[in-house]
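This report deals with aromatic contacts and with one pocket. Please keep the sequence and the structure in view while reading.

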Amino acid sequence: MSNQSPSAAIGGGKRAVVLAVCCSALFMVGLDNTIVNVGLPAIGRTLHTTVAGLQWTVAGYTIVLASLLMFSGAAADRIGRRTIFQVGLSLFTMGSWLCSLAPSLAWLIGFRVLQGVGGSMLNPAALGIITNTFTTPSERAKAIGVWDGVFGLSMALGPVAGGILINVGGWRSIFWANIPVGLAAIALTALFVPESRAERGRRADPVGQVLVIVMLAALAYAIIQGPGYGWFSPQITGFFVLSLTALGLLLRYEPRRREPLVDFRLFRSVPFSAANMTAVCAIAATAGFLFLTTLYLQDVRDFSAARAGLTILPMPVTMALCAPLSGRILARRGPRIPLVVAGTALTLSSAALSRLSFTSGPLFLIATYGLFGIGVGMVSSAITNGVMSGVPKSQAGVASGMNSASRQLGTSLGVAIVGSVLAASLRGSLHAGFLGAAHASWWVMAGCGYAVLLLGIISTTAWAKATVARAAPESLPAPSRADNSKRRGG
């Protein structure tokens, strides 16, 4: 057997192709998030759906993605990263094609769920492929730097690309963009990406996985459908109770497993807990921003999809510019400054956007959208740093998976909560009633920004840093006797 590492065994040109394939998957998933938001008004008009229907178009994808990320990561380690990556590419590409053919809202949401299943397999497998292909620290750092840059690029291009595609081919064309990229990535993966798997894969946790799906799906349903059925109706109350019951069972069941799907014991570390809470709040605000801004520009101001995409552009541009700046500040001064700046920018911009009118000028939109982008750009690196430095290195893989799930949970909750607050206050058409109905939604987002600010201060104190040791493996209790007997087959 050869002792060569994958990095040594694969030539430099092939390693570049492997990185390009992995980045194309991230680009496809990142682009899909922003491009679909730009298409929501057109989807609503064509399929004659309500605000709740538009929420499900986004949430059907993000809930599944958040629920399956850690399961997919474990499956990639156990079965093979290339195999899972190819399955994810196939499902995501097929789901995109089916979304473009969807005859009704129900079919579109169902095909978005299929996209989410495929998307959940891409990022964990791709990061594993990159880690095993680029084995030296310097090579890996450069590769991950390119990886992060591609995500920023996808966010920046999404609104513009979506607007152009919708103007040319209608909302269905936003899903066509994924098909050639996905097919090319599938072929290149088969030709150039080496198979790799962990020496000892994590054990499957089907009970934990089902409980996570039930918890998130029931919560999203209750929040999205609450305005329609009534917040205290038996149906909505029942789904809230179902979500809480699933959470309670998860909290009781997972600590009894040696390799739990969700290791709640890591949350004993304040920096780790705060970083995940920050991810939920910051990404919820971002998802809410994209949802409300798209409706405002196209349904209230009657902008074309292309013009709306160009108007939103200050947000992803400042985000892309501030992300590397945040990394440099973080390396020199620690995470407090980026987190405080991010929380302040998200709070102030969201509060200012509550003053939107039918005649808000371009300078106001550029300033507020740009300020929001500063907040998003400054927070991302700080979140990753908080997660990875908030637990021992031996727990890095599990921590990374939980952080990815927290970000997707933020997307799901952001659209669900902001959209439901909007729907509950809306009187008449979106064009006539949006500005008054959205007022409370912008303040919900400002509250998310303020939470980022407070968490940034709390998580960087000496007291918080001292709690990191609580998440060390040696400080965690041993699995229960029942779990050990299961592993022995007794």
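Which residues do ring pairs link into a cluster? In this predicted model, the cluster consists of Trp56, Tyr221 and Phe239, which are linked by ring pairs.

## Aromatic contacts

The structure holds 10 aromatic pairs, and one of them joins Phe264 and Phe267, whose rings lie 6.4 Å apart from centre to centre with 35 degrees between their planes. This pair counts as tilted because its angle falls neither under 30 degrees, the limit for stacked rings, nor over 60 degrees, the limit for edge-to-face rings. The accessibility of the two partners is listed below.

| Residue | Relative accessibility | Class |
|---|---|---|
| Phe264 | 24% | partly exposed |
| Phe267 | 32% | partly exposed |

Phe264 is not classed as buried, because that class requires a relative accessible area under 20% and the value for Phe264 is 24%. A contact of another kind involves Phe303, since the charged end of Arg307 sits over the ring of Phe303 at 3.8 Å from its centre.

## The second largest pocket

The second largest pocket encloses about 660 Å³ of space, and among the 22 residues that line this pocket, Met215, Leu216, Val280, Ser406 and Leu409 lie nearest its centre. Two or more lining residues come from each of α3 (51-79), α9 (206-229), α10 (234-253), α11 (270-300) and α16 (396-425), with α16 giving the largest share, 5 residues. By residue class, the lining of the second largest pocket comprises 18 nonpolar and 4 polar residues, while no charged residue takes part.

Key: Residues numbered from 1 in each chain as written. Predicted model: local features only at pLDDT ≥ 70, side-chain atom pairs only at ≥ 80, totals over all residues. Heavy atoms only, no water. Phe/Tyr/Trp six-rings, centres within 6.5 Å; stacked < 30°, edge-to-face > 60°. Buried < 20%, exposed > 50% of the residue type's maximum accessible area, 1.4 Å probe, protein only. Lys NZ or Arg CZ within 6 Å of the ring centre and 35° of its normal. 1 Å grid on protein atoms, 1.4 Å probe; cavity = no way out; pocket = protein on both sides within 12 Å on 5 of 7 lines; lining within 4 Å. Points joined across faces, edges and corners; volume = space filled by probe spheres on them. Helix = DSSP H or I, 4+ residues; strand = E, 2+ residues; numbered from the N terminus. Nonpolar A, V, L, I, M, F, W, Y, C, P; charged D, E, K, R; others polar.
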